[in-house]
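The following exercises are to be worked with the sequence and the three-dimensional model at hand. Each task is followed by a solution in steps.

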Amino acid sequence: MEGQTEERTKSPPPAKVSSPTTEALETAILKVYLNSGSCVIVKFAIDTFVKTVVQAVSSQIACGTRVFESLYGIRLAHTLSDDVYWIHGESIVLQVVKKYQALLSIDEWRYELRVRYLPSDLRELYEKDKITFHYFYEQVKNDYLKLKCNVDQELALQLCCIEIRRFFKDLSHIALDKKSNFEYLERDVGLHKFLPAAVITAHKPKALRKLMQSHMKKFVSLSEVDCMFKFLRLVHPVLLYDREIFKCALGGGWSVPIELVIGPDLGISYLTDRATQPTHMASFQQVQSIHTIQSEYESGCKAILQLKISGTSEMLSISCPTLAVAESMADLIDGYCRLVHKTQTSFWNKRNGRTGSLNSPNSDNADDNSGKKEIVFLGDSSDLIDDEGDYSTPVARDYELNRGDITLEEIIGEGQFGDVHKGTYKSKDSMSIPVAIKTCKVESEESVGEKFLEEAYIMQQFDHPHITRLIGICSESPIWIVMELAKHGEMRAYLQNNQSKLDLAILILYAYQLSTALSYLECRKFVHR
């Protein structure tokens with residue numbers, strides 16, 4: 001903003017030697033990505049469970065009841081490979097961060113909120129929890145668009161037209177016949193939201209337009225709900241979203257190579273090289289307990305998943321290539337067991353394993369809401385659950401100020417619409433607060449005043465220690481925007497005027513403060529200009 005510093009700097013803290021890694025862990029900050037590509041930044045206590053983060057972040061997707069809140073999980077994805085790890089809800093968040101940060105740089109990991117567990121009837125999910133159903137649908141659609149394998153052209157075009165129909169609810173059957181409409185779809189919306197990259201690059205725009213026109217007429221009569229269910233049905237053969245498959249082996253010592261298939265309809269099944277249909281081994285209702293252990297055999301060290309199945313005397317043992325795979329399978333089976341038994345109590349007994357797990361011991365009396373008060377949202381579309389008042393979405397309040405409480409002083413700058421004054425604001429508790437007041441010179445047109453106030457509407461969405469804070473507005477003519485005063489003035493001028501006094505440590509501190517502010521804005525889908 002003209003006339004003052006937009007990103008506030010603070011006096012340098014006392015000298016303290018610490019590595020960035022240590023600082024990151026001490027602040028306990030986690031960025032969780034949603035299917036939309038946006039993220040929610042949360043701050044947590046050192047003993048916060050992953051399930052607490054899942055509950056808190058999933059509540060930020062949209063307002064409404066989550067009947068199927070238990071379907072969500074946190075997936076840790078390595079950004080430079082296809083490696084993914086599912087984090088069990090009973091894990092301690094800080095232990096998870098420490099473990100994976102010790103393996104690779106923290107910037108190479110991406111925490112994602114996903115729907116991992118599914119009810120056997122997706123119609124039931126839609127009817128009882130539309131928010132979770134829509135989130136799952138977007139997840140499937142995004143996974144399909146990211147497929148690296150070749151998708152049949154006919155299927156890709158059908159899925160494309162179904163999604164266009166869902167996206168544009170009032171679309172007519174001849175809408176894409178107009179070249180301008182197609183160009184708008186291609187240029188402003190982006191075909192990448194409807195077609196895999198391989199299909200787009202394989203066709204010229206004109207040929208692709210003709211193909212889409214020929215398919216579009218088949219789906220114009222579908223409702224939004226019909227579009228989603230038809231999309232899910234058609235995409236299923238190329239994206240088996242209702243199951244997860246793991247390469248492993250039956251048995252602990254001498255073992256038979258298989259692919260373990262886990263899903264709501266298949267239960268726990270397996271595939272062999274010659275089989276085309278999975279062979280059923282057990283349902284989730286039959287699972288009494290789950291164990292992950294690491295044992296040594298003559299062939300070396302093996303990770304073993306053991307399941308206690310009702311009606312059998314021996315444990316079902318499955319050899320896994322790594323302990324991470326065994327734990328991912330255990331988390332998946334445990335989630336489905338809790339879903340079908342309608343309980344929050346985990347079936348996974350982790351105390352028998354030789355190798356230490358990230359997860360805390362189970363407790364039948366565990367409070368499912370433990371640690372929830374420790375979550376603080378730092379960014380994105382989150383409501384504030386605040387215990388420190390930093391990095392948050394502001395609590396909704398009335399920003400209209402009494403003009404009589406504001407004293408206008410000297411001009412300190414000039415903005416697009418008028419002068420910027422230094423001044424004081426007398427708050428409700430009779431405190432005098434130094435402020436900057438932006439004024440609007442020309443208000444002859446109503447649109448000018450509205451445009452001037454747009455800045456205040458944007459500013460009220462931010463609450464960050466290094467972004468200038470909105471104090472309030474006087475919306476009657478003359479219009480004023482009252483904001484926090486940056487006492488050192490505009491940042492660039494301050495740096496230029498004091499370059500001989502500022503050492504490297506202070507400049508690094510300023511750079512860090514600015515970068516946290518810009519990161520906060522980015523997570524809220526704003527760009528600083």
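The structure is a predicted model.

**Exercise 1. Strand β19 and its partners**

Task: Determine which residue of β19 stands opposite glycine 472, and establish how β19 pairs with β17 and with β18.

Solution.
1. Locate the strands: β17 comprises residues 432–439, β18 residues 470–474, and β19 residues 480–484.
2. Glycine 472 faces valine 482 of β19. The pairing of β18 with β19 is antiparallel and extends over four bridges.
3. The connection between β18 and β19 is a hairpin of five residues.
4. With β17, β19 also pairs in the antiparallel sense, here over five bridges. Within this pairing, valine 435 has glutamate 484 as its bridge partner.
5. Finally, consider exposure: five of the five residues of β19 are buried.

**Exercise 2. Arginine 114**

Task: Decide whether arginine 114 is buried or exposed, and identify the side chain with which its own side chain makes a polar contact.

Solution.
1. Arginine 114 belongs to strand β5, residues 109–115.
2. Its relative accessible area is 9%. Buried means under 20%, so arginine 114 is classed as buried.
3. The side chain of arginine 114 makes a polar contact with that of aspartate 143, at 2.6 Å.
4. Residues touched by arginine 114, leaving aside those up to four places away in sequence, include Tyr72, Arg75, Trp86, Tyr135 and Gln139.

**Exercise 3. The second largest pocket**

Task: State the volume of the second largest pocket and name the residues that lie nearest its centre.

Solution.
1. The volume is about 1500 Å³.
2. The lining consists of 45 residues; nearest the centre are Arg75, Asp82, Val84, Arg114 and Asp143.
3. Elements that contribute two or more residues to this lining are β3 (72–78), β4 (84–87), β5, α5 (130–145), β6 (244–250) and α11 (323–341).
4. To connect this with Exercise 2, note that Arg114 and Asp143, both among the residues nearest the centre, are joined by the side-chain polar contact.

**Exercise 4. Helix α14**

Task: Compare the span of α14 with the expected value, and find which elements cover its buried residues.

Solution.
1. Helix α14 runs over residues 504–523, 20 residues in number.
2. From first to last C-alpha it reaches 29 Å, close to the 28 Å expected.
3. Its buried residues include Ile506, Leu509, Gln513, Thr516 and Tyr520. Residues three or four places apart in an α-helix point the same way, because there are 3.6 residues a turn.
4. Among what covers the buried residues are β1 (29–33), β2 (39–43) and α13 (491–497).
5. After α14 comes lysine 525, with a positive phi near 65°.

Technical notes
Residues numbered from 1 in each chain as written. Predicted model: local features only at pLDDT ≥ 70, side-chain atom pairs only at ≥ 80, totals over all residues. Heavy atoms only, no water. Buried < 20%, exposed > 50% of the residue type's maximum accessible area, 1.4 Å probe, protein only. Pairing = 2+ DSSP bridges. Polar contact = N/O pair within 3.5 Å; in protein donor to acceptor, adjacent residues only side chain to side chain. Contact = heavy atoms within 4.5 Å. Expected span 1.5 Å × (residues − 1). 1 Å grid on protein atoms, 1.4 Å probe; cavity = no way out; pocket = protein on both sides within 12 Å on 5 of 7 lines; lining within 4 Å. Points joined across faces, edges and corners; volume = space filled by probe spheres on them.
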